[in-house]
Amino acid sequence: MWRSFFEELGLNVVVSPNTNKAILDAGINASIDESCTSAKVYMGHVEWLIGKCDYIFVPRIAIYENGDATCTKFYGIYDIVRATFPQAKLIHINIDYEDGQTEWNAYKKLGDELGAKPAAVKQAYKNAAAALKNYELELQAAQHALLQSPKLKVLIVAHPYNIYDALIGEPIVRALESLNAAVLYADIPDIAHMCEKSKTISRTMYWRYNKHLTGSIVHYSDKIDGIIFMTTFPCGPDSLAIELIQRKVKDIPMTNLVIDSNFGEAGLHTRIESFIDILEAKKETSK
Amino acid sequence: MQAYLGIDIGSISTKGVVIDADAQIIAHSYLWTEGDPIGAVKRVLAELKGQLPPAVDVVSVGTTGSARKLIGTVLGAQVVKNEITAHAVGTMSRVPDVRTILEIGGQDSKIILLNNGIVTDYAMNTICAAGTGSFLMSQAKRLGLAIDELGEMALKSQNPTRIAARCTVFAESDLVHKAQIGHKKEDIVAGICNAVVNNYLNNVGKGKKIAAPTVFQGGVSKNVGVVRAFSQVLGHEVYVDDFGHLMGCLGVAVLAKTKGNTKSFDFNIQEVSFVTKGKECEKCPNNCEIIYVYRNDDLLDSWGNRCERGVAS
């Protein structure tokens, strides 16, 4: 969304490359050690961008409609980046519905700061939102088609910034695909719809992204063979949400993979391989 | 006679069995890996060969354990399987109706749940090795006991001491405290055994239903004090097999047998030289660690690269 917003306004967008060990190591050095691996990766990307562009875009995303909150890292990342890299020139949006900062207000302000005309900003925002919507619909259609696959269907319950990361999440997807499983992602179905569905598991969970993922479990529960939770260490919301789901959802095999910055792929393969063995055996016997 | 070989190469020990067509063990070996998996496997093969009657023809090979891929390549194994599936299959060949497998090793612990002969769920300890064999080892040392004395001593206790078991560091300080205020040594030892069990059930077995028949494996299963503590907490008998340490290699031998892809195995592999080399790729910032395996100087296989740039040439 932000990408097409900037491009609509005629700006050039520089995007940092896929995460590699050098970026992760830079991020670890720029972070306090209690920070989660995902936030460390983020810091590594910011450091990579310094000197390669005029401004670095670091959004602050805190609270959406109905008090749906993000995690504290999303609240704080703008300030963390600002304090860690005082030399970096930042631009940001601030999404906080409780403070009247809706998504549109945030982008309007950003467009203003970039010196664009109000009409152009409005058009850019509209087009960007539409581009995002189209992209989401494409992903949803592709995932829906995958449900017809005769392969074992595994739902990955993970934040998009983890599972689509080349270093953190991709090895898991590759391992699953090499074992001939069809991989579905819990972050793909429509967020508003899924947040609603998550209420059958918990009415009090207030993290928007975890509600989204939880709702997808309800949505897919009768269409998949197994669930893999994938989380980075130490993620507060995930540790609570996963524990809750594992206690409440009973009839689907599930396993939990916790990734940290000094992970070994060997243990990962053992866990994934034996999990797929379980799913295969279960499918065999239920025939 | 046709027979099947299974080898389990763990970080600490290497185990091997040869089974016949009825999945009965006809040769077995158990020794330390000592940081040299290929050397350990050669020693295991020599022991197995010495136990086998001359007419035996090993027609299929399976490997498991953390060095399964390396040894599978070296031996040309038909089956390379993760240790969870291997343990389940091996145990079921001995106790067909097993429902729960508890395993506590030197540094890791697992639980495997089965129903009607298939694995339905499993869990492994994650980042923490509290309550495993190495914890027992260090506490035995602190109390001036040999590790194999712990079990018998625990059985003497009438009134086990309660020891905080959540974390090894706290357990140790609690242990010292309990000794200083005057608890008897056998009560403390029994307390440690209970702590291992409670720690395991809270961390690995959390929320899982442990149904009978239950089989207990791994090095810690040799400790009768821990076995008794498990039986008491679970309220049913916990079965320990004399061959419990061989379940991984037994399982993978059984899998090799069912695979059916037969090819006569040559025990003279001991005389072949295998060399491995680890190298960082250096073709991008990921610096994947690539492993090359050579057989008499010919490259046999390589792995560890994330992308095509690291393919061995």
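The domain bounds used here come from an automatic or database domain assignment. With that in mind, chain A of this predicted model splits into domain 1, residues 2-130, and domain 2, residues 149-286. If you want a feel for how they sit, the C-alpha centres of domain 1 of chain A and domain 2 of chain A are 27 Å apart.

So where do those domains meet? Domain 1 of chain A brings 17 residues to the contact, and domain 2 of chain A brings 20. On the domain 1 side, look for α2 (21-30) and α3 (37-49) of chain A, the elements that give two or more residues to the side touching domain 2 of chain A. The largest share there is that of α3(A), with four residues. As for the kinds of residue on that side of domain 1 of chain A, you'll find seven nonpolar, seven polar and three charged.

Now step out to the contact between the chains. Here 15 residues of chain A touch 17 residues of chain B. On the chain A side, α2 and α12 (265-286) each supply at least two residues. Which of the elements gives the largest share of the side of chain A that touches chain B? That's α12(A), with nine residues. Sorted by class, this side of chain A holds six nonpolar, four polar and five charged residues.

Next, over to the strands of chain B. Strands of a sheet pair through backbone hydrogen bonds, either parallel or antiparallel. In chain B, five strands make an open sheet with mixed pairing, and reading across it you go β8-β7-β6-β9-β10. The edges are β8 (118-124) and β10 (238-239) of chain B, each of which pairs on one side only.

Inside that order, have a look at β6 (residues 100-104) and β7 (residues 109-115) of chain B, which run antiparallel and are joined by five bridges. A handy spot to find is Leu102(B), which stands opposite Ile111(B) in β7(B).

Further along chain B comes a hairpin. Its strands, β12 (residues 289-295) and β13 (residues 298-303) of chain B, pair in the antiparallel sense over five bridges. To line them up, start from Tyr292(B), whose bridge partner in β13(B) is Ser302(B). And what links β12(B) to β13(B)? There are two residues between the strands, and Asn296(B) in this hairpin takes a positive phi near 45°.

Notes:
Residues numbered from 1 in each chain as written. Chains lettered and ligands numbered in written order. Predicted model: local features only at pLDDT ≥ 70, side-chain atom pairs only at ≥ 80, totals over all residues. Contact = placed C-beta atoms within 7 Å. Nonpolar A, V, L, I, M, F, W, Y, C, P; charged D, E, K, R; others polar. Pairing = 2+ DSSP bridges.
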